[in-house]
Amino acid sequence: MTKTALALAAAMTSCGVLEPDLGAPLEAGATDGPEIIFGRDIRPLMDRDAEDPSGHGCKACHYSTEPSHVGTDVTGLDLSTLGGLRKGGVDTQNNIVVPYSPEASALVQKLRGTFGLGVRMPKNGPAYWSESDIELVEQWIAQGAKGDDSE
């Protein structure tokens, strides 16, 4: 390596890695662990139905592609695509997923039952998502909530 390349590598290491699309430093620990991929890791959680023993998903109420989608009709939140998720709904808007900031993301707050407006999701229930499910969503958001809008 040249002296310039070594200096650049040292500077990046000491001041944090920059996310190329956003130019923002990653939060501490955001790169720990495996990369979370929306389509592979998060979408299957959202696709679960009420009969799934591992927990309820979002599909029955918030997928505009389903015959019944009362959650989308009432709140405007369409989770059938990642692009729809990113738009949010009436109450959540673009705060539904705040890249690199799971604690500020309404999605995490809704799953934990701490969102100021509205009810816990899935609707009014106990925590249908396990702690590890929610932590996976948090890690995906901490890594920048990446994915294609069509997912």
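Modeller: Contact here means heavy atoms within 4.5 Å. The model is predicted. By that cut-off, the buried residues of H2 pack against helix H3 (59-62), helix H5 (82-87) and helix H7 (131-142).

Colleague: Which residues of helix H2 are the buried ones?

Modeller: Helix H2 covers residues 38-47, and its buried residues are Phe-38, Asp-41, Ile-42, Arg-43, Leu-45 and Met-46. Each of them is called buried because the term requires under 20% relative accessible area.

Colleague: What makes up the secondary structure of the chain?

Modeller: The chain has 7 helices and 0 strands. Along the sequence this reads α-α-α-α-α-α-α. Of the 151 residues, 35% count as buried. Among contacts between residues at least 6 apart in sequence, 46% join residues at least 24 apart.

Colleague: Why is Arg-48 counted as buried?

Modeller: Its relative accessibility is 7%. The limit for buried is under 20%, so Arg-48 qualifies. Arg-48 is found in the loop between H2 and H3. Leaving aside neighbours within four places in sequence, Arg-48 is in contact with Ser-54, Gly-55, His-56, Gly-57, Cys-58, Lys-59, Trp-129 and Asp-133.

Colleague: How do you know how many disulfides the structure holds?

Modeller: A disulfide needs two cysteine sulfur atoms within 2.5 Å. The structure holds 0 disulfides. Cys-58 is in none, and the nearest cysteine sulfur, that of Cys-61, is 8.9 Å away. Cys-61 is likewise in no disulfide, its nearest cysteine sulfur being that of Cys-58 at 8.9 Å. A distance of 8.9 Å is not within 2.5 Å, so the pair does not count.

Colleague: Is Cys-58 called buried or exposed, and why?

Modeller: Cys-58 has a relative accessible area of 14%, which is under 20%, so it is called buried.

Colleague: And what makes Cys-61 partly exposed?

Modeller: Cys-61 stands at 32% relative accessibility. Partly exposed lies between the limits of 20% and 50%, and therefore Cys-61 takes that label.

Colleague: Which residues have the most contacts inside the largest nonpolar core?

Modeller: They are Met-46, Leu-85, Val-97, Trp-129, Val-137 and Trp-140, in a core of 24 residues. H2, H5, helix H6 (106-112) and H7 each give two or more residues to this core. What makes it a nonpolar core is that its members are buried residues of the listed nonpolar kinds, joined through side-chain atoms within 4.5 Å.

Colleague: What does Val-137 touch, not counting residues up to four places away in sequence?

Modeller: Val-137 touches Ile-42, Leu-107, Val-108, Leu-111 and Trp-129.

Colleague: Which residues lie nearest the centre of the largest pocket?

Modeller: Of the 31 residues that line it, His-62, Gly-71, Thr-75, Met-121 and Lys-123 lie nearest its centre. The volume of the largest pocket is about 650 Å³. H3, helix H4 (70-75) and H6 each supply at least two residues of the lining.

Colleague: By class, what does the lining of the largest pocket have?

Modeller: The lining has 17 nonpolar, 8 polar and 6 charged residues. Gly counts as polar, so Gly-71 belongs to the polar class. Lys counts as charged, so Lys-123 belongs to the charged class.

Colleague: Why is His-62 called buried?

Modeller: The relative accessible area of His-62 is 9%, under the 20% limit, so the label follows. His-62 is found in helix H3. Apart from residues up to four places away in sequence, His-62 touches Gly-71, Thr-72, Thr-75, Leu-77, Asp-78, Leu-79, Ser-80 and Met-121.

Methods. Residues are numbered from 1 along each chain as its sequence is written. This is a predicted model: local features need pLDDT of at least 70, side-chain atom pairs count only at pLDDT 80 or more; totals for chains, interfaces and linings use all residues. Side-chain values use heavy atoms; hydrogens and water are left out. Buried means under 20% relative accessible area, exposed over 50%, partly exposed in between (1.4 Å probe, protein chains only). Helices (H or I, at least four residues) and strands (E, at least two) are DSSP runs, numbered from the N terminus. On a 1 Å grid over the protein atoms alone, a cavity is a set of points where a 1.4 Å probe fits but cannot get out, and a pocket is an open set with protein on both sides within 12 Å along at least five of seven lines; lining residues have an atom within 4 Å of a point. Grid points are joined across faces, edges and corners, and a volume is the space filled by probe spheres set on the points.
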